[in-house]
Amino acid sequence: MERSVKEHFPLKQYNTFGVEAFAKQYIEIRSEESLARLFAEHPALTQQPLLILGGGSNILFTKDYDGLVIHMNIPGIRHTVSGNTVMVSAGAGVIWNELVWYCVDRQFAGIENLALIPGTVGAAPIQNIGAYGVELQDVFASCRVFDTHRGEFSTFDKEACRFSYRESYFKREAKGRFIITEVTLQLSLKPTFNTSYGAIHAELEKRCITEPTIADIASVVSSIRTDKLPDPSTIGNSGSFFKNPIVPVQYLKQLQSTFPDRNFVFYPAGTDRVKIAAGWLIEQCGWKGKRMGDAGTWKNQALVLVNHGNASGTSIYDLSEQIIADVEAQFGITLEREVNIL
Ligand code: FAD
Ligand code: EPU
């Protein structure tokens, strides 16, 4: 038995919902070498169910984990500059927001709109994190992965990751197979600001900023997020619990004629489809700010499920089932969970 493996390990501090769950076994990994060694030298350990854990900010534990939790904590950020292009590589365990500010402080543009998204660099490709008009795929160059089936390292380029809205090859077909150890981004010394979100505009105006810097954008985004989203250190949550559903324009038109007095909130998603705001749909069903015991929806953002104190993972899951059923009954749309259920 590897000495650094811990048994019956409490995970409450390792998931931002703050729910109780125990891992049968747990190990923290701080380098690629120790990851390779774990698989080469401890086959019995690595042939059980494996959960790769970053910051635990997109996970809901509904039961104890009957396997090995591998907590990725590989540190380190480095960069190279060539002309106006900057390649930045960061270890899987680097806190995403620390990488954002490493780049902002050095005038490397591209991820300032993704400031303050919780979690680690290694998890960012899993659901192609996104916010305020930017997605990871816009700046992603490659990632290094350990293939748990073959026991070897390789590199995935952007195409191989098959990114889409809150999705990737890693979250779909290859779920659980690859462990991301390092991510490389292609950033620029010549910023092209994405201020398309109304809230960014409004906040810049409020601050009387007409020519924003990269740091201004990161700071504005951070303050919008702080106003709108609950802080997991105060109230347990995993950000948006569901994805915004994407439906054919024709279906939206049908809904608009069925509910002529409702102002549907939606955005274009390609030529003939629209993305409907799931938070709006949930609010329309009367769920905003409601609670079932200690499980509830956030008072300012119905898309965010929260733990008011001692909610169990199953009670949060049960609430999500009720919400899905109500939205489906009222609008004929089946919400899909964004959070990984375990
Ligand atoms: P975890 O929760 O630990 O893991 C998430 C998934 O990735 C799991 O399936 C896990 O097995 C897998 N995984 C983790 N690390 C690795 C690795 N190194 N290799 C392979 N698999 C791995 N997300 C957005 O996209 N946009 C937002 O604006 C946003 N806002 C949020 C706001 C709040 C308040 C919170 C709590 C969450 C928010 N999220 C958002 C969700 C979350 O921040 C992201 O999904 C983040 O990437 C999760 O990182 P993590 O390290 O916590 O991953
Ligand atoms: N709305 C309501 N009621 C609500 C919540 C939202 O009516 O209770 C409506 C509002 O009109 C609002 C619109 O929905 O203008 C959109 O809401 P918001 O701007 O908060 O964005 P979102 O679609 O709910 C998405 C992402 C967030 C990301 C923000 C900003 C998803 C699932 N969520 O939220 O990502 O930070 O946009 O880009 O795509 C996450 O993935 O965890 C996450 C927080």
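Start by selecting Arg166, which sits in the loop between H4 and E12. This is a predicted model, so treat every distance and angle on this tour as computed from it. Arg166 is not a glycine, yet its phi is positive, at about 55°. Is Arg166 buried or exposed? Its relative accessible area is 15%, and because buried means under 20%, Arg166 counts as buried.

Stay in that loop and select Ser168, found between helix H4 (158-161) and E12. Ser168 has 0% relative accessibility, so it is buried. To see what surrounds Ser168, show Pro125, Ile126, Cys161, Arg162, Phe163 and Glu173; Ser168 touches each of these, leaving aside residues up to four places away in sequence. For a sense of scale, draw a C-alpha to C-alpha distance from Ser168 to Ile246: the two are 17 Å apart in space and 78 residues apart in sequence.

Next, select Asn128, in the loop between helix H3 (96-105) and E8. Asn128 is another non-glycine residue with a positive phi, here about 50°. With a relative accessibility of 0%, Asn128 is classed as buried.

**The domains**

Now zoom out and colour by domain. The assignment gives domain 1 (6-72), domain 2 (77-227) and domain 3 (230-341). How far apart are the C-alpha centres of domain 2 and domain 3? They lie 25 Å apart. Where these two domains meet, 7 residues of domain 2 are in contact with 8 residues of domain 3.

**Ligand 1**

Select ligand 1 and show the residues around it. There are 34 of them, and Ile52, Gly55, Ser57, Thr120 and Arg225 come nearest. Begin with the backbone: an N or O atom of the Ile52 main chain lies 2.6 Å from an oxygen atom of ligand 1. Gly55 also brings a backbone N or O atom to an oxygen of the ligand, at 2.7 Å. At Asn58, a polar backbone atom is 2.8 Å from an oxygen atom of ligand 1. Switch on the surface here: on its own, ligand 1 has 980 Å² of accessible area, and the protein covers 93% of it.

Which elements give two or more residues to this shell? They are strand E3 (50-53), strand E8 (130-131), strand E12 (178-188) and E13. Colouring the shell around ligand 1 by class gives 17 nonpolar, 15 polar and 2 charged residues.

**Ligand 2**

Move on to ligand 2, which has 23 residues around it; Tyr132, Tyr165, Glu283, Gln301 and Glu338 are the closest. Select the side chain of Lys228 and look for its polar atom, 3.0 Å from an oxygen atom of ligand 2. Then add Lys288, where a polar side-chain atom is 3.4 Å from an oxygen of the ligand. Arg225 takes part as well, with a polar side-chain atom 3.5 Å from an oxygen atom of ligand 2. Taken alone, ligand 2 exposes 820 Å², of which the protein buries 83%.

With the domain colours still on, note that domain 2 (77-227) and domain 3 (230-341) each contribute at least three residues to the shell around ligand 2. Helix H6 (214-228), strand E13 (236-240), helix H8 (278-284) and strand E19 (301-307) supply at least two residues apiece. By class, the shell around ligand 2 holds 11 nonpolar, 5 polar and 7 charged residues.

**Two more side chains**

From E13, follow the chain to Asn244, in the loop leading to strand E14 (246-248). Asn244 has a relative accessible area of 19%, which makes it buried. What does the side chain of Asn244 reach? Look for the backbone nitrogen of Ala278, 2.8 Å away. Apart from residues up to four places away in sequence, Asn244 touches Tyr165, Lys275, Ile276, Ala277, Ala278, Gly279 and Leu303.

For the last stop, select Gln25 in strand E2 (residues 22-29). Gln25 is buried, at 7% relative accessibility. Show Glu7 too: the side chains of Gln25 and Glu7 make a polar contact at 3.1 Å.

Notes:
Residues are numbered from 1 along each chain as its sequence is written. Chains are lettered from A and ligands numbered from 1 in the order in which they are written. This is a predicted model: local features need pLDDT of at least 70, side-chain atom pairs count only at pLDDT 80 or more; totals for chains, interfaces and linings use all residues. Side-chain values use heavy atoms; hydrogens and water are left out. A residue is near a molecule or strand if one of its heavy atoms lies within 4 Å of it. A polar contact is a pair of N or O atoms within 3.5 Å; within protein, one must be able to donate a hydrogen and the other to accept it, and residues adjacent in sequence count only if both atoms are side-chain atoms. Accessible areas come from the Shrake-Rupley method with a 1.4 Å probe; for residues, only the protein chains shown count as cover. Helices (H or I, at least four residues) and strands (E, at least two) are DSSP runs, numbered from the N terminus. Ala, Val, Leu, Ile, Met, Phe, Trp, Tyr, Cys and Pro count as nonpolar, Asp, Glu, Lys and Arg as charged, and the others, Gly among them, as polar. Domain bounds come from an automatic or database domain assignment. Buried means under 20% relative accessible area, exposed over 50%, partly exposed in between (1.4 Å probe, protein chains only). Contact means heavy atoms within 4.5 Å.
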